[in-house]
Amino acid sequence: MDNSIIKKKILSVVPDAIIEETQFITATIPSDKLREVALCLKNDKELQFDYLQDLIGMDWGETLGVIYNLFSTSNNQQQVVLKTSTTNKENPELHTVSDIWNSATLYEREVYDFFGIKFINHPGLRRLFLRADWNGYPLRKDYDTDAKKNPIPKRNQTIEDMETTETLTLTNEGVVGGSFQLFDDKEYIVNMGPQHPATHGVLHLRVSLEGETVKKIDPNFGYIHRGIEKMCEGYTYPQILHLTDRLDYLSGTINRHAVCLCVEKAIGLEVPERAHYIRTILDELTRIASHLLGWGCMCMDMGSITAFVYGMRDREKIMDIFEESGGGRLMCNYSVIGGVSHDIHPNFIQRIRDFIPYMRKMLKEYHILFTENPIARGRMNDIGYLTTEQAISYGVTGPSGRASGWMNDVRKLAPYAAYDKIKFEPMMRTEGGTFERYIVRLDEVEESLKMLEQLIDKMPEGEYCAKTKAIIKIPEGEYFQRVENARGDFGVYISSKGDKNPYRVKFRSPCMTLVSALSPITCGEKIADLVMIGASLDYVIPCIDR
Amino acid sequence: MKSVIAYVKKILVGLWNLILGMKITWLNLFRKKITEQYPENRDKLVMFERFRGELIMPHNANNEHKCTACGICQMNCPNGTIRITSKTETDEQTGKTKKVLDTYMYDLGSCIFCDLCVQTCPSDAITWSQAFEHSVYTRAKLDKKLNREGSKMAEKVKPTANETAIN
Amino acid sequence: MFDFKVVTDWIDTLLRVQLGLPNFWTLAIEFILVGVAFLAAYAVLALILIYVERKICAFFQCRIGPNRVGKWGILQSIADMIKILLKEIISIDRSDKVLFVLAPFFVIMGSILTFAALPFGKGLHAIDFNIGVFYLIAVSSLGIIGILLAGWSSNNKYTLIGAMRSGAQLVSYELSAALALMTVVVFAGTMQLSQIVEKQAEVWNIFNGIAAIPAFIAFVIYLIAGHAETNRGPFDLPEAESELTAGYHTEYSGITFGFYYLAEYMNMFIVAAIATTVFLGGWQPLHISGWEGFNQVMDYIPSVVWFFGKTAVCIFFALWVRWTFPRLRIDQLLKFEWKILMPISLINLLLMALVVTLL
């Protein structure tokens, strides 16, 4: 579809929208017209922008606002960026879009948490990462980080702090504030986490139970929030890179790749072909490693601890490949702006050649040990269904989304690095159950092995890193980049004012949307299934708690 | 009758699959054990040469290092792990003053091994060692001085054309 | 084959005749001796089992397992025991103190009482009730009271869920286990353990001609149900680690936790031992009719070795299953019992009755 149609449609709804046209359309909308544009983009038969990839809070200095990064799943991944802002810095209010795109529910809470923008008609507006008694909004440019003037609360956070939530409702008399209790007093609430064997990090789920049946889930985040986005604003671009490995530590290499690509795109740097291949190999190895761990954890959450050890055993071989060439295991620090930091180690190719047949043999064992096991099948079959519409609306990307029949593989949709030079099929299932999510991961391991075979055969000789300036400055502007990490659509947004530091960095975490989808698919199932469905979604908490 | 046969068949197929699964664990019972026997294997344990264990400043036989105290590593370090103090020294023969390294402090406790210091060092004065046994009793011991006592900067050897290309 | 009756008779005569003690004191001393022997055996067996389980589990998982304390880590469980004994017993705020302390005793009493009624070898049998099988089933279910009490008194939501699961599970699986044992009782015509063992002198129950079919089915059912009763393997729902952290014993520490720990391992032993006694001929050696030389060689192996050897095989099988399979869900667990195991057990009981009438 042509950009001009989108432009026309937006202008027909809001004539005074400011539209910039690059590869995609960027439309600045007055805040009161936002919902109309959003509804038009979502519901129009021709447009169907049904996937809200990211919702980015911004402090432009004079104004506070939000950037909506929208994609159309049916229309060839057309992208539209909406911007809206308010000049009222004392009490900024915008309209919610959480009823249009479900994934916005958590995103808007995050924006409220960091920028203090209140969303009218949001179903439960409260802080997402920070505590309820936190002073100020830390990602605002005028936030005082001085601990003396703006002390960090030292009181123990109690469960009562999580009991209620605020809301803003639009009535005839204007916007009315209110609050409500999340759970009834009579409900049997179990706190799963932050320390719990099966939350894959420090996720705190407040689960309301009736017997063994889950009635309601309320996720609480922020137990390991490190303020990475705020830290990035004070770092130079090469320094930002090391933080990306610490987001989703299981696909650190891929996250780092995303930031490298974004910066390279911004400064117009030509990366050597060999570096592209090396990075792609690393990405696929990381994906295999992550899926092996994901598989193992899911087996362990279902009680099969031996399978977990087997997964870890085979993942170790990949870790060795990383360590030999990159010098680190999880925090590989291998990609740098312009290429990779070293050329590959002489053993690199041979190790991968040895690994591929080994892994194929082990995959067969995995299938016999667990996939075909009647107990495991009994647990996984016919449970935790996520429909395609739900997956898109909640923004469940990656293997979990593909299990629901949503082709969302960024490697195919917007190929980067060497992905357009090799043959591969995105692994898809249509049913969207727990078993499908499980099997898609193992299928992807197999597909990644095929990709590795092609990549090591095709890898060209030559430079491994392009020369960069000592101090990298990105020209003024906004840059988006997305890659497919092991859990889904990982997005990087960099806004630059032309300095050596970014003005704002936002990472689109695929895990946050995964957790938001946990609630609709688990309610009504047993508590044992909550653990298993959570494992099948395969979220990693540091990716959420940025 | 058919349903009974299907019922029995389902149970038997399930049992067969359980037995196949048990075969896999049985095979693994006799496979080579994969765990590292640390610290027993300490003598034989060789880390990969690129492994980033700890930042070091190599000195040659004359107790000379290559650091010019330019401070680029300190500037690039995201965590403030490196602190360089320099002093000015007057060359007795020529009378020129130049900046030389006084202390090169490296705080292992806050290092995140991002490799930026080594990558950006213009004179290759620092590198990584493969030591990984970092535990000490007090945090102060993690703050290490990398230049040795009484060491001085090595005379600059003009880099050959080949080396410049790599850098 | 050595008969341990020689030893026990000798002690009895020593006390009565040589020392000339009256009946009361003789019995009192004998009771104390037997009691001490059982407690010691109980603890030592549990320690060995803990070590064996850790080692076998490690080998299944391509690991080495405990290897620090002593050669191959054989003293590891002793070190663990000392650690558990030295640990503080943490009292829980707002818990039911009396029940909280009482619960582990129920669990351990249930398993010791069962343990004491097992025939370990020829003449090595403390109490030989004529309703032995009935006694075993009855006493081994005492433990469930302890588990329910623990779950309730801990004032913790996880323990309560764990205890409720445990209650449902044990009550259900008790039925299959009992029916499986009843199959053999029907065949043997007695509930007395010594008689059941005695009748297997020529051939073990699971190899005994036409009766082998129902006996073998009963054996498999008993292993599954017994496994479920011990809360292990694919049936470890009451303490499902990934869901309920540690289930009903989450709040226990020190020796009170140690009791649960001991009881869990000993229950595994007890289930294996009952299976051995009832289905695998107890301490009887393997005899194949017609192979006289072979039978005589087998007879030279002491009865205790036979008993513990067979039990060890059963235990290894239990460990193998535990470290291979994932856990069932509670509704699947109950469905499995009531829709698969129970009907099969009932039909199997009928089958055995038929076999007995035909013979």
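The paragraphs below go through chain A, then chain B, and then the contacts between chains, in a model that is predicted.

Chain A offers a natural starting point in its domain assignment, which gives domain 1 the residues 3–149 + 162–182 and domain 2 the residues 228–544. The centres of domain 1 of chain A and domain 2 of chain A, taken over C-alpha atoms, are separated by 28 Å. Between these two domains of chain A, 17 residues of domain 1 are in contact with 19 residues of domain 2. On the side of domain 1 of chain A that touches domain 2 of chain A, strand S3 (51–59) and helix H3 (104–115) of chain A each supply at least two residues, and S3(A) gives the most, with six residues. Sorted by class, the residues on that side of domain 1 of chain A comprise eight nonpolar, seven polar and two charged.

Within chain A, one can next look at strands S10, S11 and S12, beginning with strand S10 (residues 188–192) of chain A, which is joined by five bridges to strand S11 (residues 204–210) of chain A, the two running antiparallel. One point of register in this pairing is given by A:Ile189, whose bridge partner in S11(A) is A:Ser208. S11(A) also pairs with strand S12 (residues 213–220) of chain A, again in the antiparallel sense, over seven bridges, and here A:Leu209 stands opposite A:Val214 in S12(A). The connection between S11(A) and S12(A) is a hairpin with two residues between the strands, and A:Gly211, which lies in the turn, has a positive phi of about 70°. As general background to these pairings, strands of a sheet pair through backbone hydrogen bonds, in either a parallel or an antiparallel way.

Further along chain A there is an open sheet of three strands, arranged in the order S15-S16-S17 and paired antiparallel. Its edge strands are strand S15 (477–485) and strand S17 (504–508) of chain A, each of which pairs on one side only, and the twist from one strand to the next averages 10°. S15(A) is joined by nine bridges to strand S16 (residues 488–496) of chain A, with the two strands running antiparallel; in this pairing A:Gln481 stands opposite A:Val492 in S16(A). Across S15 and S16 of chain A lies helix H6 (residues 252–267) of chain A, which runs at about 150° to S15(A).

Chain B is described by a different set of figures, and its secondary structure comes to four helices and seven strands. Read from the N terminus on, the elements of chain B follow the pattern α-β-β-α-β-β-α-β-β-β-α. The chain is divided into domain 1 (1–34) and domain 2 (54–154), and the centres of these two domains of chain B, taken over C-alpha atoms, are separated by 61 Å. How does the radius of gyration of chain B stand against that of a compact globule of 167 residues? Chain B has 29 Å, whereas such a globule would have a radius of gyration near 15 Å. Taken along the principal axes, the C-alpha atoms of chain B fill a box of roughly 110 × 40 × 30 Å. Buried residues make up 16% of the 167 residues in chain B, and among its contacts between residues at least 6 apart in sequence, 74% join residues at least 24 apart.

It remains to see how the chains meet, and here chain A takes part in both of the contacts described. Toward chain B, 22 residues of chain A are in contact with 19 residues of chain B. The elements giving two or more residues to this side of chain A are helix H5 (237–244), helix H8 (305–326) and helix H9 (348–371) of chain A, and H8(A) gives the most, with six residues. By class, the side of chain A that touches chain B has six nonpolar, eleven polar and five charged residues.

The contact between chain C and chain A takes 22 residues from chain C and 25 residues from chain A. On the side of chain C that touches chain A, the elements giving two or more residues are helix H7 (157–188), helix H10 (241–244) and helix H14 (330–358) of chain C. The residues on this side of chain C divide by class into ten nonpolar, five polar and seven charged.

Methods. Residues numbered from 1 in each chain as written. Chains lettered and ligands numbered in written order. Predicted model: local features only at pLDDT ≥ 70, side-chain atom pairs only at ≥ 80, totals over all residues. Contact = placed C-beta atoms within 7 Å. Nonpolar A, V, L, I, M, F, W, Y, C, P; charged D, E, K, R; others polar. Domains from an automatic or database assignment. Pairing = 2+ DSSP bridges. Axes fitted to C-alpha atoms, helices over the stretch in contact; angles between N-to-C directions. Rg over C-alpha atoms; globule rule 2.2 N^0.38 Å. Buried ≥ 20, exposed ≤ 12 C-beta atoms within 10 Å, placed from the backbone.
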